[in-house]
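New to this one? Here is a quick briefing to read alongside the picture, sorted by topic so you can dip in and out.

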Amino acid sequence: MANKENCMYPKVIIDMAKLKQNLDAVAETTVDKGGCSLAIVTKVLCADSTVVEMIANHPKVNLIADSRIKNISTYTDIAHEHGKKTMLLRIPMISELSDVVRYVDLCQISEIETIRLLNQEAHQGDKVQKILLMIDMGDLREGFFFKDKELIHEAVSEILGMENIELYGIGVNLTCYGAIIPKPDNLGGLVEIAREIEGKHGIQLQMISGGNSSSIYLIDRGELPEGINNLRLGESFVLGNDTAYETKLPGTTDDAFILEAEIVELKSKPSLPIGDVGVDAFGQKPYYEDRGIMQRAIIAVGKQDVDIDSMTPVDNRVEIMGGSSDHIILDVTKCTEENGGEYKVGDIVQFTLGYGGLLKVMTSPYVEKEYLK
Ligand SMILES: *Cc1c(COP(=O)(O)O)cnc(C)c1O
């Protein structure tokens, strides 16, 4: 691959057509087949404005969601212009409630004390704040524990008495802390709790939000429990991943994002370091495999830009050996003239990214962005 002049590296190339294809695919499954409303999650993209515009223009997206209000605040206006709602995924800090009222249409929340303060804040902002009460169905991250029925009903009673809070629905998050897979029983349990709340308190909940990219597989199997009417999708949209069983969703691609980095050194060296072994730049004791003399390339990208365990060379002759803040070392021994061509200093090496890699690449101010239309 030739170096292109006047280009800045490292760089992520964002293929908007592929990303749109992924969005079409997850929207078709979630909305058309699953009968759910669709919240597309922007946190892994640091709410990239070009991608947000594409999401806002998609007719099947209902909500644009993020864990960080700072990201949401960049697109509240564009979301509203396109008739979409904004949604806050991380249960809010008490210290950010004024921003919730300002930027967030639907707020996931799980602490009654925070809801009381949000009610006050919404009153001051002359707003009725919609909330999604989170229920923990066993993953043990956020939410009222599903067995604490009394606590749930007490909270609902109190919320219903609040003038500036609207209980819009309930939701669950799974496969995050406890790696618990959404199934008909735990999601069915969520629907049961919703029906119980409705019966006991004489209300109708608008939304029962059934989780993230680990729930979408249930639609294709016809196993999404009746009553679940919303999913919040990030990884399945950006990378096409069903995160329950690590399969690829039909009609999606995993290479809408390509990281490019430039080779700054290329030398034959031993594979074993020479001298007493201490710890590396991150305090870890490294392990080396003796591969004899290796052809090693250093690329100018590092842990400040990407997650080394979450990137894969597009050229399958290349292997990642390790790296530090600003450098990654590649084994390019197999890249010979007879075997498809050699690299030289200044050449560009490409990588596909996993979720963690993409998160870092999109968050690092050192990584340039290029959009393919
Ligand atoms: C990040 C997040 C999502 C989206 O998760 P993906 O696995 O990327 O689809 C959904 N809900 C909550 C609460 C989240 O924090």
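**Getting oriented**

Let's begin at Pro10, which sits in the segment before strand E1 (11-15). Keep in mind as you look around that this is a predicted model. The protein chain has 373 residues, and 51% of them are buried. Its secondary structure runs to 11 helices and 19 strands.

**Overall dimensions**

- Taken along the principal axes, the C-alpha atoms of the protein chain fill a box of roughly 75 × 45 × 45 Å.
- For a feel of the distances inside that box, take Val318 and Pro182: they are 136 residues apart along the chain, and their C-alpha atoms are separated by 37 Å.
- Asp220 and Asp290 are 70 residues apart in sequence, with 47 Å between their C-alpha atoms.
- Leu174 and Tyr371 are 197 residues apart along the chain, and 33 Å separates their C-alpha atoms.
- Arg317 and Asp255 are 62 residues apart along the chain, with their C-alpha atoms 18 Å from each other.

**The ligand and its surroundings**

- Where does the ligand sit? The space it takes up is the second largest pocket.
- There are 14 residues around the ligand, and the ones that come nearest are Lys43, Ser213, Arg232, Gly234 and Glu235.
- The shell around the ligand is a mix: 4 of its residues are nonpolar, 5 are polar and 5 are charged.
- Arg232 has a polar side-chain atom 3.0 Å from a nitrogen atom of the ligand.
- Asn173 also offers a polar side-chain atom, this one 3.4 Å from a nitrogen atom of the ligand.
- With Arg141, the ligand atom involved is an oxygen, and it lies 3.2 Å from an N or O atom in the Arg141 side chain.
- How much of the ligand does the protein bury? Taken alone, the ligand exposes 390 Å², and the protein buries 93% of that.

**Ser271 and its contacts**

- Ser271 belongs to the loop between strand E13 (257-270) and strand E14 (293-299).
- Is Ser271 buried or exposed? Its relative accessibility is 7%, so Ser271 counts as buried.
- The Ser271 side chain makes a polar contact of 3.4 Å with the side chain of Asp290.
- That Ser271 side chain also reaches the backbone nitrogen of Arg291, at 2.6 Å.

**Backbone oddities**

- As background, most residues other than glycine have a negative phi, and most peptide bonds are trans.
- Back at Pro10, the peptide bond that joins Tyr9 to Pro10 is cis, with omega near 0 degrees.
- Asp126 isn't a glycine, yet its phi is positive, near 55 degrees.
- You'll find Asp126 in the loop between helix H6 (112-124) and strand E6 (129-136), and it counts as exposed because its relative accessibility is 72%.
- Leu140 is another residue other than glycine with a positive phi, here near 65 degrees.
- Leu140 lies in the loop between E6 and strand E7 (144-145), and its 52% relative accessibility is why it counts as exposed.

**A few more spots to look up**

- Val318 is in the loop between strand E15 (311-313) and strand E16 (319-323). Val318 is buried, because its relative accessible area is 6%.
- Arg317 is found in the loop between E15 and E16. With 15% relative accessibility, Arg317 counts as buried, since the cut-off is under 20%.
- Leu174 lies in the loop between strand E8 (165-171) and helix H8 (184-201). At 1% relative accessibility, Leu174 counts as buried.
- Asp220 is part of helix H9 (residues 217-220). Why does Asp220 count as partly exposed? Its relative accessibility is 37%, and partly exposed covers what falls in between under 20% and over 50%.

Key
Residues numbered from 1 in each chain as written. Predicted model: local features only at pLDDT ≥ 70, side-chain atom pairs only at ≥ 80, totals over all residues. Heavy atoms only, no water. Near = heavy atom within 4 Å. Polar contact = N/O pair within 3.5 Å; in protein donor to acceptor, adjacent residues only side chain to side chain. Areas by Shrake-Rupley, 256 points an atom, 1.4 Å probe, with all protein chains shown as cover. 1 Å grid on protein atoms, 1.4 Å probe; cavity = no way out; pocket = protein on both sides within 12 Å on 5 of 7 lines; lining within 4 Å. Sits in = over half its atoms within 2 Å of the grid points. Nonpolar A, V, L, I, M, F, W, Y, C, P; charged D, E, K, R; others polar. Helix = DSSP H or I, 4+ residues; strand = E, 2+ residues; numbered from the N terminus. Buried < 20%, exposed > 50% of the residue type's maximum accessible area, 1.4 Å probe, protein only.
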